[in-house]
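Reader: I would like a close look at a single part of this structure, the cavity and the strand beside it in the discussion. Please explain the terms as they come up.

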Amino acid sequence: MKKVAHFVEKFPNPGNEYIYNQFLDNEKIKSILIAEWLAKSRDHARINLFYHKKCSQFSFLNRLNNKLNGGIFNKLYIKKLNSYAQRILEDNQISIIHAHFGMAGYKLIDLKKNLNIPFVVTFYGVDASYCLRQKSWLDRYRRLFEEADILIVLCEEVRNRFLNLGCPE
């Protein structure tokens with residue numbers, strides 16, 4: 001049986017139930033959810049959830065760092081996040097990483113390299129529009145395009161945007 005780790009930045013995130021519904025009640029694939037940080041908790045007994053508690057402590061630094069377009073805090077944060085996620089993936093014998101949103105996918109590039117397992121990234125909206133107008137994200141996405149095994153976009157327009165940025169077909 002395939003085991004998939006779904007990765008999101010925040011759980012629960014209002015309006016993102018469609019992500020969780022992708023893997024709930026699927027008997028063919030065992031799924032876990034890894035969130036960078038847990039927002040106000042709700043009943044999530046049906047979801048095998050892990051969250052990086054330290055991300056809550058660092059989330060202010062991460063947001064500040066994002067305003068500064070990367071740097072030392074972002075690199076340290078991503079390293080800690082990858083280390084935490086790697087332990088979970090190894091302990092659960094995960095065979096596929098699925099990042100939901102390009103911003104989350106970028107943070108997992110080194111994890112994919114360390115584990116050498118298939119890496120899927122799904123782009124939904126802001127990650128395929130607003131982020132493409134930010135130079136720092138253009139550079140990050142180009143790296144993500146090289147490392148991800150499968151990129152999923154929801155429309156032909158986003159596909160064309162990515163091809164124009166150098167994404168392989």
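Author: The answer begins with the cavity and then turns to a strand and two residues.

This is a predicted model, in which local features need pLDDT of at least 70 and side-chain atom pairs count only at pLDDT 80 or more, while totals for chains, interfaces and linings use all residues. Residues are numbered from 1 along each chain as its sequence is written, and side-chain values use heavy atoms, with hydrogens and water left out.

The structure holds one cavity of 30 Å³ or more. A cavity here is a set of points, on a 1 Å grid over the protein atoms alone, where a 1.4 Å probe fits but cannot get out; its lining residues have an atom within 4 Å of a point. The volume of the largest cavity is about 40 Å³, counted as the space filled by probe spheres set on the points, which are joined across faces, edges and corners. Its lining consists of Ala 5, His 6, Phe 7, Ile 34, Ala 85, Leu 89, Ile 97, Leu 108 and Leu 111. Two elements give two or more residues to this lining: strand E1 (2-11) and helix H3 (72-91). Helices (H or I, at least four residues) and strands (E, at least two) are DSSP runs, numbered from the N terminus. E1 supplies the largest share, three residues. By class, eight lining residues are nonpolar, one is polar and none is charged. Nonpolar covers Ala, Val, Leu, Ile, Met, Phe, Trp, Tyr, Cys and Pro; charged covers Asp, Glu, Lys and Arg; the others, Gly among them, are polar.

Ile 97, one of the lining residues, leads to strand E4. In E4 (residues 96-100), five of five residues are buried, that is, under 20% relative accessible area with a 1.4 Å probe and protein chains only. Ile 96, His 98 and His 100 point one way from E4, and Ile 97 and Ala 99 the other way. In a regular strand the side chains alternate between the two faces of the sheet. E4 runs parallel to E1, joined by four bridges; two strands pair if DSSP finds at least two bridges between them. Val 4 stands opposite Ile 96. Four bridges also join E4 to strand E5 (residues 119-122), again parallel, and His 98 has Val 120 as its bridge partner there.

Ile 97 is also in contact (heavy atoms within 4.5 Å) with Lys 112, a residue of helix H5 (residues 109-115). Lys 112 is buried, with a relative accessible area of 11%. Leaving aside neighbours within four places in sequence, the contacts of Lys 112 also include Phe 119 and Asp 149.

Definitions and conventions:
On a 1 Å grid over the protein atoms alone, a cavity is a set of points where a 1.4 Å probe fits but cannot get out, and a pocket is an open set with protein on both sides within 12 Å along at least five of seven lines; lining residues have an atom within 4 Å of a point. Buried means under 20% relative accessible area, exposed over 50%, partly exposed in between (1.4 Å probe, protein chains only).
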